[in-house]
Amino acid sequence: MATTTARDIMTGGAQCVQAHESALDAARKLAEWQVGALPICGENNRLVGVVTDRDITVKVLGKGLDAAEVEAGTLAQGEAVTIGADDGVDEVFETMTRHKVRRLPVIDGTDLVGMVALADAAKSLDAPEAGRLIEALSTD
């Protein structure tokens, strides 16, 4: 039986917010596309990070900053954690757990091809593994 890959469980067609766009632009895209996270793309459409609705709430609004003035790229934390499109679901599980992330951009070579969310990964795992993933991501 073939191994389930990130490509099999991802949501394809991920859209980016550009690093130079504002946090307000990012928030509008999150609302328009009804997603909780967006990849942040820099020069040559290279992935530089991920921005979440929580990032905007806590790092911008919670600090009294103007969302129209804060660049989305400043909300990226370190190097983007990604998963290869052909990596198995076990690697998705391990990467999410190791880096304590709930969403992973999926790349094919250098191209962003989709996003895998915690729910996507949990659906592809058996119940005990899904429970361990959720537990690992819920602890500090």
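The chain comprises six helices and seven strands. From the N terminus onward, these elements follow the order α-β-β-α-β-β-α-β-α-β-β-α-α. The model is predicted, with a mean pLDDT of 85 over the chain and 87% of the residues at 70 or more. Among the elements, helix H2 (residues 23-33) has the highest mean pLDDT, 95, whereas helix H6 (residues 127-138) has the lowest, 58.

Of the 140 residues in the chain, 39% are buried. The exposed surface of the chain amounts to about 8,000 Å², of which carbon and sulfur atoms supply 48%. When contacts between residues at least 6 apart in sequence are considered, 53% join residues at least 24 apart.

The packing of helix H3 (residues 53-60) was examined next. Its buried residues are Asp55, Ile56 and Val60. These residues lie on the same side of H3, because the arc they cover around the axis is only 95°. In an α-helix there are 3.6 residues a turn, so residues three or four places apart point the same way. The buried residues of H3 pack against two elements, H2 and strand E4 (47-52). Between alanine 31 and aspartate 53, the C-alpha to C-alpha distance is 9.2 Å, at a separation of 22 residues in sequence. Alanine 31 belongs to helix H2 and counts as exposed, since its relative accessibility of 55% exceeds the cut-off of 50%.

Near the N terminus of the sequence, threonine 5 occupies the segment before helix H1 (6-9). Threonine 5 has a relative accessible area of 14% and is therefore buried, the limit being 20%. Leaving aside residues up to four places away in sequence, threonine 5 touches Ala85, Asp86, Asp87, Gly88 and Val89.

Covalent cross-linking was considered over the whole structure, and one disulfide was found. This disulfide is formed by cysteine 16 and cysteine 41, with 1.9 Å between their sulfur atoms. Distant parts of the chain are linked by the pair: cysteine 16 is in the loop between strand E1 (11-12) and strand E2 (17-18), while cysteine 41 is in strand E3 (residues 37-41), 25 residues apart. Cysteine 16 and cysteine 41 are both buried.

Five salt bridges were counted. In one of them, the side chain of aspartate 108 meets that of arginine 7, with an N to O distance of 3.2 Å. Because aspartate 108 lies in strand E6 (residues 103-108) and arginine 7 in helix H1, this pair ties together parts that are 101 residues apart in sequence. Both partners fall in the partly exposed class: aspartate 108 has a relative accessibility of 36%, and arginine 7 has a relative accessible area of 33%. A further salt bridge joins the side chains of glutamate 21 and lysine 29, at 2.9 Å from N to O. Here, glutamate 21 and lysine 29 are both buried.

Arginine 98 and glutamate 91 also form a salt bridge, in which the closest N and O atoms are 3.9 Å apart. Arginine 98 is exposed, with a relative accessible area of 54%, whereas glutamate 91 is partly exposed at 31% relative accessibility. Elsewhere, Arg7, Asp86 and Asp108 are joined into one network by salt bridges that share partners. Asp86 is also one of the residues touched by threonine 5.

Backbone geometry was examined at two loop positions. Most residues other than glycine have a negative phi, and most peptide bonds are trans. Glutamine 34 has a phi near 50°, a positive value in a residue other than glycine. Glutamine 34 is located in the loop between H2 and E3, and its relative accessible area of 72% places it in the exposed class. For lysine 100, phi is likewise near 50°, again a positive value in a residue other than glycine. Lysine 100 is located in the loop between helix H4 (89-99) and E6. With a relative accessible area of 41%, lysine 100 is partly exposed.

Conventions. Residues numbered from 1 in each chain as written. Predicted model: local features only at pLDDT ≥ 70, side-chain atom pairs only at ≥ 80, totals over all residues. Heavy atoms only, no water. pLDDT = per-residue confidence, 0-100. Helix = DSSP H or I, 4+ residues; strand = E, 2+ residues; numbered from the N terminus. Buried < 20%, exposed > 50% of the residue type's maximum accessible area, 1.4 Å probe, protein only. Arc of directions from axis to C-beta. Contact = heavy atoms within 4.5 Å. Disulfide = S-S within 2.5 Å. Salt bridge = Lys/Arg side-chain N within 4 Å of Asp/Glu carboxyl O. Areas by Shrake-Rupley, 256 points an atom, 1.4 Å probe, with all protein chains shown as cover.
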